[in-house]
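Grab a pencil and work through a few exercises on the assembly below. Try each task yourself before you read the solution.

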Amino acid sequence: MKELLSIRNFKAYYQTSSEEVRAVDGISLDLNEGEILGIAGESGCGKSTFSISLSCLFPPPLKYISGEIFLDGIDITKLNTQEIRKSILGPKISFIPQSSMNALNPTIRIRNFAIDIVKQHEPKTTRENIIHRVIERFESLSLPKDVLNRYPFELSGGMRQRTLVILSTIMNPEIVIADEPTSALDVSSQREVIELLKIMVKKKIMKSLIFITHELPILRQIADGIAVMYAGQIVEIGSVSDILFNAHHPYADVLMSSMIVPEKGMREKNLPSVSGTPPDLRHAIKGCRFADRCPEFKKDCREKDIEMVELTKGSFVRCIHPLRTKK
Amino acid sequence: MKTLRILFSSGKVVFGLSVFLFLFIGSITFTALSSKDPTEMVGNLYDSPSKEYPLGTDNFGRDVLVELIHGIKTSVIVGLSAGILATLIGTIIGTIAGFTGKWVDNVLNSLTNLFLVIPSFVILVLLAVSLQKRSLFLVTMVIGITSWPWTARAVRAQASSLKTREHISMAKLNGKGNLNIMFTEVLPYMLSYIFMVFVIQSAGGILNEAGLSMLGLGPENTISLGVMLSWALNFEAVRTGAWWAFFPAVFSIAVITFSLYLVNIGMDEVFNPRLRK
Amino acid sequence: MYSSSENKEIILKARNLLKIFGTGKDSVIAVDHINFDIHKGEIVSLVGQSGSGKTTTAQMLLNLIKPTEGNIELNGIDIRTFQGRNRIKYWQKVQGIFQDPFSSFNQFFSISKILKDSLKILGSNLKSGEKDKLITESLESVNINPKDVLDKYPFELSGGQRQRIMIARIFLIKPQLLIADEPTSMIDAVLRSNILKLFMKLREVYGTSIIFVTHDIGLAYYVSDRVFIMQHGKIVESGDPEKVIINPQHPYTIKLINDVPILHQQWEFKLS
Amino acid sequence: MPGNPITGIVSKMASGGAPSDVLEKLYNSYIQEFGLDKPLYIQFWDYLVKVLHGDLGVSFSLYPIRVNEILAKALPWTIALQVPSIIIGWLLGNFLGVTAAYKKGKFDSVLFPFSLFISCIPYYCLAIILLYFFGVVLHILPTNGGYSMNLVPSFSISFILDVLKHYFLPFLSIVLVTIGGQAVGMREMSIYELNTDYVNYSKSLGIKESKIIRYVFRNAMLPQITGLALSLGTMVGGALIVEIVFSYPGVGTWLFNGIRQQDYPLIQGGTLLVTMAVLTANFFIDIIYSFVDPRIKASQIEE
Amino acid sequence: MNYKNQIIRKLFLLVVVSTIIIFSTFSSILADVEDISRSETLYFNGIQWGPPTNFNFLTGNAAWPVPGSGGMWNEAVYETLFLYNMITGELEPFIGKGYKWVDEYTLQVELRDDVHWQDGEPFTADDVVYTFDIAKKYPLVNSGFWLYVDKISAIGKYAFSIELKKDNPNRLALVNNLVDVSILPKHIWTKIEEQSGYDIKKIREYKNENPVGSGPYKVYYYSSEKIIAQRYDNYWGKNLFGKLPTPKYLVHPIFKSNDAGNLAFEKGDVDVGQQFVPQIWKMWEKGLPVGTWYKKEPYYVPVGTPCIWFNFKRHPLDVPEVRRAIAYCIDYKKIAELAMTKYSPTVVSSLILPFGPEKKYYDEETVKKYGWEYNPQKAIEILQGIGAKKGKDDVWVLKDGTRLGPIKVECPYGWSDWQVSLEIVSKSAQKIGIDLVTYFPDQAVAADNRYSGNFDITMMTPAGNPLPSQPWSRFYEVMYAKDIRPIGELAFRNFGRYSNPRADELLDEIPKLTDEVKMKELYTELAKIYLQDIPAIPVEYRPWMFYQYNTTHWTNFPSEENPYAPPQMCITGAGIKALYEIKPVK
C-alpha cells in the first residue's frame, strides 16, 4: 500500500493577543492509499481544528506552529497560500463539511458551483464538458442528476449532504477529509452518506478518507483504522476492532465503553463513569493529559510528557500504563 | 465588571467614548462654570476669527466658540434624551411583539414596518409643523417618538429568537409570569444590544435635531448645532465665506455621531465575536 | 432491576393529542392524534427523528403549549384546569429538563438564585434556612459540593455540571413526572453515564416517572421501561424496548433500527 | 395646526399698504374661499375626499396654484436627482464595503473609518461643505437651482450640459453620504458572510478569492437590498434637505417653502407624495428582491 | 446563464427604464421659447418670491411684473396714473398729465390722449373709472378707496373727477391711489367678469396668463424658475420718453433662497436687486462692480421705520413709565449696526422721519422735549421714579408686585434681521433688569398673535411704503383707535389696542387739510401725544427696497450722484425712467 499522507508532530494553536489555545498539539499519523481513517474524539479535543489545519490555510486566529504534513512526499505546510489553493485544495485534498445547509452558497445552483470548482483547476475545460462530467458522476453513483439544476435549499438534508460529497470529490482528490459529515442527519440519511463514501473509496474516486466523528459506532461501519483524540493529541491509533474492543489507552477504553447502541445485551451493560472535564488547553500541561480523570492513574503519569509508543504494528498508544498489554 | 473590561478592550469603544464624553462633559462643565452668555452680542456680523474670538462671531455678533459649546451640550442632550425615548418605546414594543408572538406580534410588527417604511422625516416634519410651540422638550419628544421603529424591529428580532431559548421554558416551569419573564429572562440578554441601539438612536437624534432645525422646525430660543447651521444658512454664511459660522457646527455634528458610531461598532465587535479580528 | 409497570397507577393520560401549527395553507400537523398513559415510576422514551413531533409532544405534556385537540389528564384532572394561576400546581407535579445545559440557565443569575427561584414553585411557606437546606440536599444528591457552585454563574461551570444542576432542580421540586428532552445529547459520551445514573436515582428515591424525549435509539433502549416510536406526529410502535427495538414490527421501526450503526455488527454495503 | 394660514396671506398683502378695513374684508372672503369657516371635521373630510380624487388642494402661499401642479413640476427634478444618486451611491458603497471586508489590512483601516466618518456627516452638512468649496471658494460649479437663469428649458446641448453642471454637486453630496453608510453596513454583512460555512467550504475546494468575493457580494447584497427598502425613507428625507441647500427645484425645496410659509396643503401634499414615492420604491425593491434571491423566487413559484 | 450576468442585466434594465422615465418627465418642463441674449436683458431679484401663480392684478398676489408681488406696484405691464418719486415726494406726470383740486372735495385728473393698450385699443377715462368701480363691487386690495370716496366719474374721454365723501374727505389717501393703483383695460375685464359670473372667487381664479396692459412690456415666458417679460415695441411711451426702454427683456429668476439670489447678484447674473445683502460694502471692497444709492452709510434710502408695539391690554405694559423705560434702555445704535448692518441711521424717537419728503413735518423741538434715546441710566431712574424695586433676581418689580418680565418680544421666525433686532432689544432690557425674552414663532402664528392682540410686544413696520400720505399713514396704523376690534378679534392695525380720543381726532382732521402750516401744527401735536403715550417704539429705519445694482452687464444706474431717477428698481413709479437710461456694457 502506498503512503499518501504523513503527518509529523503537527501543531496549530489559536492565538489571540491575550491568549493561546493549544488546540492541535503534536499530531503524527500516516495514511495509505485506499485507507479510511476514522478520527474519534469528544467536543473540544481538537479534531475539527485538526481537520481545518489539513487545508494549510489556517484562518485566523488559528496559526501554524510547527510540524510537517507530507503529501506525496511534499511538505505542504511550506507552500504558500496561492500554491495550496491552486494545486492542493480540490485535486489533492478535499473537505466534506458538517453542515450541508450552510456549506453551500445558498444563491447559486449546484451546477454552477460545480462548474466554478472545476474551472478553478482546469480553466480550459468547457462548461459543457464539466456538466457532462458531473452528470456522469451522479449517474455512476445512482443519484438523480436533476439535483444539478437546483438550489441548495431545494434539496432534502440527506440529498444535500450526498451532493456535497460529490462536489467535494469532482476533482478526484487523493485525500478527503470529512468532519462530522453525518451528525446533522437522521439515521437513514446517515447510512446513505456512509454508503456513498464507502463506494467512492472503493471506486477510487478518492484515494483515501479521513472521517472525523464523535460517534464510534459510525466509525465501526466505515473506517479501517481509528485514531482517538484527546485534548489536542492523538492518544491511540489502531485498527477498528482494536480500538473498539481492545483499546489500550484508558481514555479510548472509557470512550468505547460509554457507547450506547441498540444492541442485545446493551441494557445489562454497566456504563463506566468518569468525572471531570478535559484540561484547559490554554495552559501548559505536564504529563498525561487524561491523568486527572484516569481510572488507572499512577503517580508517574504526570511526571513527564508522554510520547506515542508503537505496541504492535500499526497500533500506537500515548500511555505509559497501557491496558490489555500484558495478558 | 467583566463585561466592562471586555468592552474597554476595544480601541474603538475607548476612543469613541472618550471623544464623546470629552465633548459632552466638557460642554456641560463649561456651560456650568463659565459666565459667558452665548447670546451676548460681542461683535458684529461675521467677524472673522481673532485672538479674542477664536471662531469669530456669527450673524448676531455672538461668539461662535461659546455658542458651539452650548450647542454641543444642547444637541447631545437632545440626542441622548431622544435616544432614551426611542429606545424605551422601541424596546417595549419590540419585546412585547417578539416575545408574545402570534397576533400581537403581527399587529405590532406591521405597525413597526409601516412606520419604518413611511419616511420618519415626513412624520417628523408633520409633527413639528403642527406643534404650537417648539420647546426643546417637545422637539426632543417628537424626535424620540418618530425614531423608535428601528429599535422595535431590532429588539423584536432579538426577543423572538430569545423566546425559544430553554431558560425561558425553564422560567415558565418555575411559575414565572410573562411580564416577569420579559424583565428577568429576556431583557437582560438584550441589554448590551439595547445599549448599542441606544447609542445609534442617540446619534440619530442628534442628526434629526440638526435636520429639523435646518428646516426651521428646530427648538425655539435655544442654541443647538442645528440651530447654528440654520442661522448660518439664513444669514448667508456660505456665500459670504464666513466658514466659521457653519464649519464648526458641521464638524461637531460629524464628530459626535462618529464617536457614537465607533462605540456602537466597537461594542458590536466585542459582543459578536465574528466581527473580531 | 426495572419493575414492570403494568399494574401501577396511571399518573398521566394523553388522549387524541393533536397539534397543528399555523393556519390555512401553511399549517403543519406536528402531533397527530396520539394516545398514551404514563404510570407511576416508569421510564418511557419518546423516540423519533427530527420533525417527528416528539418535542412538540413534550411541550404539550409540560403545559407550555396547548394542544389543538385532545386532552391530557394529570392524576385524572384535566390539564385545562391547570391554567392561569393553577399552572403552578401542574408544574409542581410535572417538570422538565432540556437539551442544552447552557441555554437552560439564565446566565445573569447565580446558581443559588436559580435554585431558589425554582423553590418558589413549591409555595412561599419555606423559611430561608429550610430553603438553603433543601438546596444543599439536592446538590448533594447530584454529587455536587454546594460550596463549589452556589455563588457561581452558569458560564463558569462545565456542561456536565450544568446539566447536573438542572437535575438538582428536579430533586428540589420532586415532581411526579419528569420530561427530559434530549438531556444527554450535548454531554460528552464519557460523562453521559453519570447523568443517566442521576435519573435512575430520581426514580428510585422519589418514584418519579420519566419521559425521555430522544432521537438516540440506543439511549432509549438502554434506559426505558417502554418506548414509543414516533413518525410524522404519530406513534407508530410502542411497548417493551426488547420487543420494539430488538424485534421491531412496524416497517418504519424496522428501517430505523436497521440504519442505526451498532458496534458488534458491520453493515453490508452493496459495493458494486 | 398652529396659526391661521389666511392671516399669512392677508398680512402679505398688508405689507402692500392696503388699509386695514380692506384687509379684513379680504380676510373674510379668503376664509370662505378656503372653507375655513366650516367645522374642522368637515374640512378634513373634504380634504380626504379630494386627495382620493388625486386633488391635493390649493396652495395657501401660492394661491391660486394647485398643489398638484407645483408638485408635478418638482417631482421630475427630485426623481432625476435622487434615483440615480441613491442607486449609484448604494452600489459603490456596497462594492467598497465588500472589498474592505475582504481585503482587510490597510485598505480597510483607511477606508472604514473614512466612510464611517462620511456617513456620520448628515447629507445637508456635506452639501454645505461641497457648496462652499466648489461653489464659493473655487467658483467652478453653480451653487443653486436646476439650470442657469439665462437659459430656457429646451432639448439643446447647452441646456442639458447646464442642467448636468447644476446636477453635479447635489448628486455628489447624496452619492458620497450613501456610499459611506452603505459601505459600513456592507462591510459588516460581508464580514459575517466571509465567516460562513460556504465561504470556508469554497476555499477548501481551492476556489479563488475573486470568485468568493463575488459569492459574498451577492449574498451580502441581499440583506442590503432589504435594508435599502427600509432605510429608503431616511435616505429620501436626507436627500430632500440637500435640495434645500442647493435650492434645487425639487420637492424638498418646495416642502421647505411650504413649511416656512405654513402652507398646509403644500406640506400635506408634499409629505403625501414623498410617502407614496417611498412606498412605491419599496414595492419595486420587493419585486427586484424576489428576482434576485432564488429562495424567494422558488417559494413564489411553488404557490 | 451566469447569475452575475443576470444581476447586471437586471440593473442595466433598471437604469434604462429609470432614464426613460426621468427624461420623459423632464420633457414636460421644456418650453418652446428662444434663449435670450444677455446684452438685451435686465435681470432682477428680490421682488418675486415663489413661482408665479397668476398675473391677475385683482388677486392681490399677482406675479412680477404685474403689481401685487411683495406689495410693490410697478409700471412694466399695467401702469399707474402718475409716477411717484420717493426722493422728491412728487407725482410726476405719466398717463395722468396733471391733477387739481376743483374744490375741497373734488379732484380732477387730466389724462394723455395718446395712450393705448397693448392690444391697440385706446386708453380712456372709462378704463380708470372702471378700475376704481370694481373695487367697490368686490373686496379688493384697493377697496379702501371707497371709504372716503363718494363717486368717480369720467369727464369726456381724457379726464375724470373724484368726489370725496363729505364725512370722511381723506385727501391724503386719495392721492395715494393716483400712484399705486394700476389701471386695467375695461374692455378686457368686463369680459372676464362676465365669464366668471361676477363672482369674485371665480374672478380671482382667473390666471390672466397673458396680461394686456398699457405698459412697455408683455409677459413672454414664465415657469417656477423665472419670469421673462418682453418689450412691447409699439408702446405709447415713446412719445413721452422719446424712445423705448433699452432692455428688450426683463427677467426675474425665482430664487429659492436669499442666499441664492445674492450669490447671483454678486456674480453679476442679476443686474438690479432689492434683496437684503448683509454688509454689501464688502462686495465693492472685493472689487466687484456693485453699487447702491448712497456710496456711504446707510447705503439705502430709509423709508419706513419698523417698530416694537406694546400691548396696552397687558400689565405692566399698560404703565407708561414701563414703556418709557424700555424705550430708554434699547441700544438703537447697535441695532443699526448689527441687525441692519449699518443700513439704517440710528433711529430717532419719532414716527415722522427726519429726512425725505416728510422732513417738513418733523419738529425737532418736540422730539427733544418728549422723546427718548439710548440711556440705560435714565431708564433706571424712570423705574425708580414710580417706586419700582429690584427683586432678588435683579429684575424690577413694580409697587403692585408685578415683576417686569418675562415679557415676550416677538416677530416671525426667519425674518432674520428683525430677529437680530429683537435679540438686541431683549439683551438691552435685560441688562437694566427688565426681563424681555425673544420669541420667534412661525410666521402664521406670529401674524395671528399680532392681529388678535395675543402678544406682549410685537414687531411690525407701520405703513412701510413711500406714499404721498406719509407720515399720516404711519400714525394712522399705530394710533388710530376708532373701530379697532377688541383683543381676541382681528385688528389689522393698532395691534396693541392703544386708544387716545385726541389722537383719533387729529388723525381724522389731518387728511382733510389743505394748509401745510396747519398740517405741521397738528402733526406736531400728534407727535407729542405719541411721544408721551409710546404705543410703539421705532427701533430702526428700513429702506422700502434694498436697491442695489451690478454693472457687469448694464451701466448708468441712477444713484445719489446720478439721481436722474429715484432708487425704485427701474420699474416702480418714477424709477421707470432708469429703464431708458441704462446702457448695456457691450
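The exercises below use a predicted model.

**Exercise 1. Work out how the radius of gyration of chain C fits the globule rule.**

Start with the secondary structure: chain C has ten helices and ten strands. Next, take the length, 272 residues, for which the globule rule gives 19 Å. The radius of gyration of chain C is also 19 Å, close to that value, so chain C is as compact as a globular protein of that length. For the outline, the C-alpha atoms of chain C fill a box of roughly 65 × 45 × 40 Å along the principal axes. Then look inside: 55% of the 272 residues are buried. Finally, check the contacts in chain C between residues at least 6 apart in sequence: 68% of them join residues at least 24 apart.

**Exercise 2. Do the globule check for chain A, then describe its surface and its charges.**

Begin with the count of elements, ten helices and twelve strands in chain A. A compact globule with 327 residues would have a radius of gyration near 20 Å, and the 20 Å of chain A agrees. Of those 327 residues, 58% count as buried. Now the outside: the accessible surface of chain A comes to about 13200 Å², and carbon and sulfur atoms hold 49% of it. Last, the charges: chain A has 44 positive and 40 negative ones, and their mean positions lie 2 Å apart.

**Exercise 3. Which pair of chains has the most contacts, and how far apart are the nearest C-alpha atoms of chains A and B, and of chains C and E?**

Eight pairs of chains touch, and the pair with the most contacts is D and E. Chains A and B do not touch, with their nearest C-alpha atoms 8 Å apart. Chains C and E do not touch either, and there the nearest C-alpha atoms are 30 Å apart.

**Exercise 4. Is D:Asn94 buried or exposed, and what does it touch?**

Locate the residue: D:Asn94 is in helix α4 (residues 67–103) of chain D. Its relative accessible area is 0%, and buried means under 20%, so D:Asn94 is buried. Leaving out residues up to four places away in sequence, D:Asn94 touches D:Gln182, D:Met186, D:Phe217, D:Met221 and D:Gln224.

**Exercise 5. Compare the span of helix α3 of chain D with the expected one, then see what comes just after α3(D).**

Helix α3 covers residues 40–52, which is 13 residues. From first C-alpha to last, helix α3 reaches 18 Å, close to the 18 Å expected at 1.5 Å a residue. Just after α3(D), D:Gly54 takes a positive phi of about 80°.

Definitions and conventions
Residues numbered from 1 in each chain as written. Chains lettered and ligands numbered in written order. Predicted model: local features only at pLDDT ≥ 70, side-chain atom pairs only at ≥ 80, totals over all residues. Heavy atoms only, no water. Helix = DSSP H or I, 4+ residues; strand = E, 2+ residues; numbered from the N terminus. Rg over C-alpha atoms; globule rule 2.2 N^0.38 Å. Buried < 20%, exposed > 50% of the residue type's maximum accessible area, 1.4 Å probe, protein only. Contact = heavy atoms within 4.5 Å. Expected span 1.5 Å × (residues − 1). Areas by Shrake-Rupley, 256 points an atom, 1.4 Å probe, with all protein chains shown as cover. Lys, Arg positive; Asp, Glu negative; His and termini not counted. Charge placed at Lys NZ, Arg CZ, Asp CG, Glu CD.
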